[in-house]
Amino acid sequence: MQQHGFLQTHLGSPTLQIESAPSATYLRALIENNPIAIVVLDADHHYTMCNSAFQRLFQYSSEELAASDLDALIAAPRVVQEAANLTRRVLQGEKVHTVTQRRRKDGMIVDVELYGVPLFVNDELAGVYGLYQDVTERNRTRSAVRNMTDKLEHIQEEERRRIARDLHDSTSQELAVLNWNLRRLMHLVSSADETVRNLVRQTKDLAYECSERIRSTSYLLHPPLLDDDGLPSAITELAEGFEQRSGIRVDLTLPRKLGRFSNEVEVALFRIVQEGLANVLRHSGSPVVHISLKEQSNWLKLTLIDEGSGCDGETIPRRRSGTGINGMRERLEQLGGLLTVCYASNGTTITADLPTENTFHA
Ligand SMILES: Nc1ncnc2c1ncn2[C@@H]1O[C@H](COP(=O)(O)OP(=O)(O)OP(=O)(O)O)[C@@H](O)[C@H]1O
Ligand SMILES: [Mg+2]
């Protein structure tokens, strides 16, 4: 093997020393050809070098970068303090990773995913380097998708509400009349033969079944109590129906008195309880589920805890993410909230935190 001393690279830095001439060229090419913007600074935060992706992104020449402090040139005004903190942490030897904003020479603000990495040579901090990936387009697309999902969900809720109202106001009423007529018919055919009476009885039972189904479908599509009486009543009614259908006990801790919030907030929390209960039934095997709703200084906190097989250690990596939990998370994030799901060997806990500042109290 060839013996190479520590050769100074042609990068101009006394601190950047790389073991062999060919590998120094190779490493230089690695940095230069990297599509991610890279800048290297010395241990005093003075500019050492950057690659062409960095120059393309921020539009500064090497001379301009060498003449000023990097943060003063590229930290967006909104994040000056944050940039200074990141620099301090990296110079203290910490690796940092964040998504933030930076400013180009033409003044344009770009969203960047940033890695700040300390460079150690022989256990001494020799410098630091920053990797910047322009994620402006990605963030724009994400926010467009989020807006679109938001609109779709709004349209979907409106549509559910309309169908629920139609079912309740027309189909349900017509079925009620049908039931009533069949009951009268039962009396009228009391003297008829057994076959006719049985047929009428079966038809009456069928009509009753249909009307019950329509009632529960219309309720699940949009619970009328949610509009009229608010969350606690709607959750209580949902829990009672769930207990009857599933045999799983629901232990509710709801505020005695809770203000009214925007329709989006109330519907989001109601749908989370609905999906959470469906998951308990489908996946947990728990005999009970504890649901609590609290209002704490402009935040609503909803918690669902079951006592089932949330995880056996093995299943977590293989756990698939369905639309249920992702849907809950998206609903909350659109409203500035946060969903936490914690699978443990003695059950699953779902916590939804939602700010209420932009909502109204009746
Ligand atoms: N209460 C729970 N107890 C145990 N595992 C759960 C519980 N809730 C969710 N899970 C696990 O998390 C996974 C994702 O749940 P999610 O609701 O997103 O999807 P899903 O219920 O499988 O399907 P769907 O898209 O119809 O909701 C489930 O498949 C299940 O493995
Ligand atoms: Mg589910």
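Me: I have the predicted model open and I'm looking at α9 and α10. In which hand does α9 pass α10?

Reply: Good place to start! The crossing of α9 past α10 is right-handed.

Me: What else do I need to describe such a pair?

Reply: The general idea is that two packed helices are described by the angle between their axes and the distance between those axes. Here, α9 spans residues 231-246 and α10 spans residues 263-284; they pack at about 15°, with axes 10 Å apart. Angles under 35 degrees count as roughly parallel, so α9 is roughly parallel to α10.

Me: Which residues of α9 and α10 meet?

Reply: From α9, look for L231, A234, I235, L238, F242 and S246. Their partners in α10 are E266, L269, F270, V273, Q274, L277 and L281. Sorted by class, this contact has 10 nonpolar, 2 polar and 1 charged residues.

Me: Now the cysteines. How many disulfides does the structure hold, and is C210 buried or exposed?

Reply: The count of disulfides is 0. As for C210, the answer lies in between: its relative accessible area is 38%, so it is partly exposed. C342 also counts as partly exposed, with 43% relative accessibility.

Me: Let me zoom out. How many helices and strands are there in the protein chain, and what share of its residues count as buried?

Reply: You will find 12 helices and 12 strands. The chain has 362 residues, and 39% of them count as buried. For a view of contacts along the sequence, take those between residues at least 6 apart: 54% of them join residues at least 24 apart.

Definitions and conventions. Residues are numbered from 1 along each chain as its sequence is written. Chains are lettered from A and ligands numbered from 1 in the order in which they are written. This is a predicted model: local features need pLDDT of at least 70, side-chain atom pairs count only at pLDDT 80 or more; totals for chains, interfaces and linings use all residues. Side-chain values use heavy atoms; hydrogens and water are left out. Axes are lines fitted to C-alpha atoms, for helices over the stretch in contact, and angles run from 0 to 180 degrees between N-to-C directions. Helices (H or I, at least four residues) and strands (E, at least two) are DSSP runs, numbered from the N terminus. Angles under 35 degrees count as roughly parallel, over 145 as roughly antiparallel, 65 to 115 as roughly perpendicular and the rest as oblique. A crossing is left-handed if the near helix is turned anticlockwise from the far one by less than a right angle, and right-handed if clockwise. Contact means heavy atoms within 4.5 Å. Ala, Val, Leu, Ile, Met, Phe, Trp, Tyr, Cys and Pro count as nonpolar, Asp, Glu, Lys and Arg as charged, and the others, Gly among them, as polar. A disulfide is a pair of cysteine sulfur atoms within 2.5 Å. Buried means under 20% relative accessible area, exposed over 50%, partly exposed in between (1.4 Å probe, protein chains only).
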